[in-house]
Amino acid sequence: MFILPAVCFVKCPYDTILVVFKKNDRNRIIKYITGGGTFVVPFIQDYSYIPYPILCFPIPLKDAPARNNVRITMPIAFSVVLCNDDLEKAVNFLFDKKTNEIEEQVNKIINEQLRLTIASFSAEEIISDKEKFLTQIRNDVDRRLKKIGLTTTRMNCTDLTDDAGYFIEAGRKMCQEALERAKADIARTKEAEAKSESDAAD
C-alpha cells in the first residue's frame, strides 16, 4: 500500500507572484507562478508571495563628473516595476527581501549607472543634444536593472546644472537667439504687410 502525502491548493492573487520553496530552506525555490494556483505539499514544501512592486526613486544627483571634469547636478526620478520578460531574475532578486533592502540596492545600482553614463559625455555634448543624453541615461539604467528582473516605466529630470555655468550660458544664448529670430520674423511680417498695402494702392 502506498501512502500519498496530502496536498493543498494555493491560489495566486492578482498582481502577485506565488513562490513555492523547499520547507526549512528558503533558498531552494521549486517554482513560481503569476496567476491561477498550484499544489503545495505540506511538511515538504512551503510558499510565500511577492507583490508586484511599483517603486519610485527620486535621486538628487550632485557633482557627477562629466568627461571633461565639469560637475553635473541633476535631480532625477525613476519609476521601476517588474520586467515581465524575465521574471526568474526578479524572483531571485526580490524573494525574501524587505522593501527597504530592495530600495537600497536598486538605488545604489541607479546611482552608479548615472555617474557612469554622465562620465561618458562632455558638458558640450550634453548641451548640444540634451534629448540624446537623457535617452542614453534611461537606456543604460534600464539595461542594468533588467539584470535583476526590473525595468523603468518612467524617468523625469527636473533640472540640469553644472559647476562651470555651461548650462546657464547655453540657456542665455538660446534665449538671445530665439529673441533675434522673433525680431526677424516681425520685421519680415511688417515688410510683407507694407508691400501688400503698396500693391493694393497701385
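The following questions and answers concern salt bridges in this predicted model.

Visitor: How many salt bridges does a search of the whole structure find?

Guide: Side chains of opposite charge can pair when their charged atoms come close. Here a pair counts when a side-chain nitrogen of Lys or Arg lies within 4 Å of a carboxyl oxygen of Asp or Glu. Searched as a whole, the structure yields a total of six.

Visitor: Which residue forms a salt bridge with Asp46?

Guide: Asp46 belongs to strand β5, residues 45-51. Its partner lies 23 residues apart from it, in the loop between β2 and β3. The closest N and O atoms of the pair are 3.5 Å apart, and the partner is Lys23.

Visitor: Is Arg144, which pairs with Glu112, buried or exposed?

Guide: Arg144 in helix α4 and Glu112 in helix α2 link distant parts of the chain, 32 residues apart. Glu112 is partly exposed, at 36% relative accessible area. For Arg144 the relative accessible area is 18%. Because buried means under 20%, Arg144 is classed as buried.

Visitor: What distance separates the closest N and O atoms of Asp142 and Lys146?

Guide: Both residues, Asp142 and Lys146, lie in helix α4, four residues apart, or about one turn of the helix. Asp142 is buried, with a relative accessible area of 14%, whereas Lys146 counts as partly exposed at 37%. The two form a salt bridge, and the distance between their closest N and O atoms is 3.6 Å.

Definitions and conventions:
Residues are numbered from 1 along each chain as its sequence is written. This is a predicted model: local features need pLDDT of at least 70, side-chain atom pairs count only at pLDDT 80 or more; totals for chains, interfaces and linings use all residues. Side-chain values use heavy atoms; hydrogens and water are left out. Helices (H or I, at least four residues) and strands (E, at least two) are DSSP runs, numbered from the N terminus. Buried means under 20% relative accessible area, exposed over 50%, partly exposed in between (1.4 Å probe, protein chains only).
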